[in-house]
Structure formats: C-alpha cells, structure tokens
Amino acid sequence: MVITHRAEALAVLADTRYIPPPVRQDAPEGTLAWLRSHASRFSTGEVHARRRRLLEESLDALDPDALRDAARKLTLERDGRWEGVPVTVLGHALGVLDTGRLVEAVRAAAPGYLSGEETPEADAAVRDLLTLAADAGLVRSSVALITLLLQAHDATEGLVRNALRQAGPGDAVARLLDRTLRLDPPLKVTRRMDRETGAEVRIDLVQVNRDAGAHLTFGAGVRPCPARRHAMALAEGVVAGVLGR
Ligand code: HEM
C-alpha cells in the first residue's frame, strides 16, 4: 500500500501497529547488520523508547547555533566545497578526533545502514567507526553516536544538494530550505510494516507534502527525526557559506 495523503500518513506514523520493517538480529558483533540490530531507528516498543532517549541526550548536548556557525565557517574555509562539512562539524561537536577518517567511514556505511545491503566495505567502515567512537571515549553510547552520524549524513547532504540546485539570486536561506523540504525532500519515501498482516506500507512524502499543512519531511508520530533543529542548523550554515550569505 502506498500512502499519498497527509491525514493517512499522520495516522500511520502515530500508530504502533505500523513498525519499521524488522532487521535481522543474529549478525556478528561489529558488522553493519549488528549495528542495525542495535539502532533505535529499527527497533520498537520499550527498546525503541530507551534507545531514542540516549540519542536525545547526545543531541541535547549540541547547540544548533554553534553547529550553524561552524558549518558556515568550514564551508567558507573550503571555498564552497561543502561535501563532508555536515558530518565533520557534527563529529567534531560529538568529540571525534579524526574527522577526515570519520567522513570516509560514514560515506561508506550510510547507504547500507538504511537499505540493509551488507557489503564487506560497509562492515569495514562500521569497524572503523567503532574504533573512532572508542577513541572519543564514548564506549557506552558508541552505537548512539555512530547511528546519529549515519542518519545525519545522506539526509542533510541531500537537503543541501537539492536546495543549491534550485537557489535563485535573491533567495533567503531559510525560505529556500523550507521550500526544498516540502517540494524536493531528501528522503522521498518512509516505510512501515503492518505488525498484524505483515504488509508493507510506503509513505510517499512528495505526494503527502502537497496537501495543506506542515510538511512531513522530518516524519511525525512515534519516531519523528529527533534532530530536526540540528539538521536545519547544519544545512543553513552550509548553504549560507556556499551562497556567500
Ligand atoms: C535534512 C535532514 C534530515 C531529514 C530530512 C531527516 C529526516 C528523518 C526522518 C523522516 C526520520 C524518521 C524515519 C521514520 O519515520 O522511519 C528520521 C529519523 C532520525 N534522524 Fe533524521 N533527518 C535529517 C537529519 C538528521 C540529522 C542531522 C541527524 C543527527 C544529528 C538525524 C538523526 C536521526 C535519528 C537518530 C533518527 C532515528 C530516530 C529514532 O530512532 O527514533 N537526522 N530523520
């Protein structure tokens, strides 16, 4: 089933009958599949609530205004070559020391983190991320740290890329990003599984965002993006840096 109306999308996202498609729980420690089986993103019920709280605690320690300033400054320092800036800034704020190595590893692991495609390269990248998290002294919450960075990467870079593609000469950054989030969201589809029938439900965000009301690009209901303010700050900083605003 594909959902294309906002009211139906809100109902599904708020109903615990609809869960993220389950991921396998038997993978060897340190692999991409193991990371997914420990992530808030793919868990449900009490486990999800507990893992999500840990993510929120990590996010609470980050100041969106400081992220915005750092993203703008680094983009300017790099003469507008902005790719990698969001993860560099976030990683630095979370205490990761070697942000160059971090960006490489996040790039290699992020696509499989959401799709579930397991490759030796993605597994090696996850092992590298675990080492970087341990070096940052974050053993207890290393999974939270890594999953934050993996969630952040594709979505934030996608938003910046889509916004820059349609930027007009006089566009204010906040308005440009808002328009992009509604009309050309970085994630076009969100999936759920009906716990009772096993049927897949796909929410088509582009269609849903055409209905009146606030866009649903950051999700809603049981598991909306916990980092909306951080994502916006990073994207605003990078886009302002590229456009010289
Ligand atoms: C424009 C950028 C972003 C967009 C559009 C976005 C969107 C979303 C959406 C729609 C979800 C929910 C997925 C679902 O319902 O199945 C989500 C979850 C999540 N996002 Fe974002 N996100 C963005 C950036 C970020 C950033 C920068 C971070 C971290 C700093 C982040 C961290 C997370 C995490 C950890 C989750 C999982 C929440 C949970 O397990 O309950 N996101 N995001």
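**Ligand shell and sheet in a predicted model**

By class, the shell around the ligand holds 14 nonpolar, seven polar and four charged residues. This is a predicted model: local features need pLDDT of at least 70, side-chain atom pairs count only at pLDDT 80 or more, and totals for chains, interfaces and linings use all residues. Residues are numbered from 1 along each chain as its sequence is written, and side-chain values use heavy atoms, with hydrogens and water left out.

User: What makes R52 a polar contact of the ligand?

Analyst: A polar contact is a pair of N or O atoms within 3.5 Å. A polar side-chain atom of R52 lies 2.7 Å from a ligand oxygen atom, so the pair meets the cut-off.

User: How do you know that Q151 qualifies?

Analyst: An N or O atom in the Q151 side chain is 3.3 Å from a nitrogen atom of the ligand. The limit is 3.5 Å, so this pair counts too.

User: Which element gives the largest share of the shell?

Analyst: α8, with six residues. α8 spans 142-165. Helices are DSSP runs of H or I, at least four residues; strands are runs of E, at least two; both are numbered from the N terminus.

User: What makes β3 and β4 a pair?

Analyst: Two strands pair if DSSP finds at least two bridges between them. β3 and β4 (residues 200-204) have five, in the antiparallel sense, so they pass. R192 has V201 in β4 as its bridge partner. R192 also serves the ligand: an N or O atom of its side chain is 2.7 Å from a ligand oxygen atom.

Technical notes
A polar contact is a pair of N or O atoms within 3.5 Å; within protein, one must be able to donate a hydrogen and the other to accept it, and residues adjacent in sequence count only if both atoms are side-chain atoms. Ala, Val, Leu, Ile, Met, Phe, Trp, Tyr, Cys and Pro count as nonpolar, Asp, Glu, Lys and Arg as charged, and the others, Gly among them, as polar.
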